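Let's take a friendly walk through a protein together. Have a look at the picture below, and then we will go through it step by step.

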Amino acid sequence: MTKASEGQPIWPKYAWLDGSIVEWGSAKVHVFVHGLHYGTGVFEGIRGYYDSGAIKIFRLEDHMKRLFRSAKMIHMEIPYTVEQLIEATRELISVNGFRSDIYIRPIAFRGLGSFGLRARNPVNVAIIAIEFGKYLKPDGIRCMVSSWRKPSGDSFPVETKATANYLLYHLSSLEAAEHGFDEAILLDAEGYVSEGAGENIFIVREGRLITPPVYGSILEGITRDTVTRVAREMLGVEVIERRIRRAELYIADEIFLTGTAAEIVPVIEVDGRTIGTGKPGELTRKIQAIYHQIVVGKVEMFRSWVTEVPIA
Ligand code: PY5
């Protein structure tokens, strides 16, 4: 680990670029790459937890598979296999020797060639891993419904984790921050609740979990899937996938957001309305606690989701 300067993030020693481990400072591409100009890229966000002398990567294979599904949706071929990128990730973590929690960001984007919009320039692939703590406050956040809408799937492939899609979440997050909120919640083109600006959403009503369906302009979150399985298989809690109206948020007993970076985050206020008691809900707390056990491989039934990289 090298410290860039006071107040700067501590960058790791190495990144992975186009098939090789390279020095952090050499992990560069040209300013004319297609992906920079048009957002023709796809990426993933994966967490690794430092525990008992190893980095424990959560659902690595599922994330890499989603990277390839995202690429397919935008007509892009990644010149590696899922297995090669998994191996590259393990190697990168090992050479960096991380001794704290990390965030792993694989990214594939169209590179140098034509600037034309029908160009199918060669695809560059990078994997970046950095030390990372909390993304949102785990003790409860205040949200606003964004004035920006999630478009429907017929105007844009909303299900892909493409770099271009993140302009929407950037603008929504900025808007929320400008208004003094912690995070934005986006409605879809028809006015139903879609997701957070980087997280899926669940509400609790009468002891049951409700979350927007996969056809509700959402990213099919891996944390969303984890929570659904925990609720159904460990807690015996019903999970209903159906559309949610904006006003239904206000009268929910509990609300939480789910995402790799955010993990499980209780929402205690939406648009100035207190949610439930104004404190993280009981079911939310329970799921949050179990999630933190699962990601470090301490829940037997979900152990196969954890990939361990020993740190020498
Ligand atoms: N919806 C959107 C728009 C997302 O960006 C994310 C993940 C999710 C849902 C949750 O998906 P998953 O549970 O598979 O992570 N957001 C990224 C993350 O790494 C980027 C955050 C800056 O959490």
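Before we start, one idea will help: a patch is made of residues with over 30% relative accessible area and no salt bridge, and nonpolar side chains are joined into one patch within 5 Å. Keep in mind, too, that this is a predicted model.

Now to the surface. Phe 32, Tyr 38, Leu 112, Phe 115 and Leu 117 come together there as a nonpolar patch. Their accessible area adds up to about 540 Å². Let's pick out one member, Leu 112, which sits in the loop linking strand S8 (102–110) and strand S9 (123–131). Is Leu 112 buried or exposed? Its relative accessible area is 45%, so Leu 112 counts as partly exposed, a label for values between 20% and 50%.

Next, step back and view the whole chain. You can divide it into domain 1 (14–131) and domain 2 (141–294). Measuring over C-alpha atoms, the centres of domain 1 and domain 2 are 26 Å apart. Where the two domains meet, domain 1 supplies 21 residues to the contact and domain 2 supplies 19.

Finally, let's visit Thr 284, a residue of helix H7 (residues 282–294). Thr 284 has a relative accessible area of 1%, so it is buried. Which residues does Thr 284 touch, leaving out those up to four places away in sequence? They are Glu 254, Ile 255, Phe 256, Ile 264 and Pro 266. With Glu 254 there is also a polar contact, made between the two side chains at 2.6 Å.

How values were computed. Residues are numbered from 1 along each chain as its sequence is written. This is a predicted model: local features need pLDDT of at least 70, side-chain atom pairs count only at pLDDT 80 or more; totals for chains, interfaces and linings use all residues. Side-chain values use heavy atoms; hydrogens and water are left out. Patches are made of residues with over 30% relative accessible area and no salt bridge: like charges are joined within 9 Å, nonpolar side chains (Val, Leu, Ile, Met, Phe, Trp, Tyr) within 5 Å. Accessible areas come from the Shrake-Rupley method with a 1.4 Å probe; for residues, only the protein chains shown count as cover. A salt bridge is a side-chain nitrogen of Lys or Arg within 4 Å of a carboxyl oxygen of Asp or Glu. Helices (H or I, at least four residues) and strands (E, at least two) are DSSP runs, numbered from the N terminus. Buried means under 20% relative accessible area, exposed over 50%, partly exposed in between (1.4 Å probe, protein chains only). A polar contact is a pair of N or O atoms within 3.5 Å; within protein, one must be able to donate a hydrogen and the other to accept it, and residues adjacent in sequence count only if both atoms are side-chain atoms. Contact means heavy atoms within 4.5 Å. Domain bounds come from an automatic or database domain assignment.
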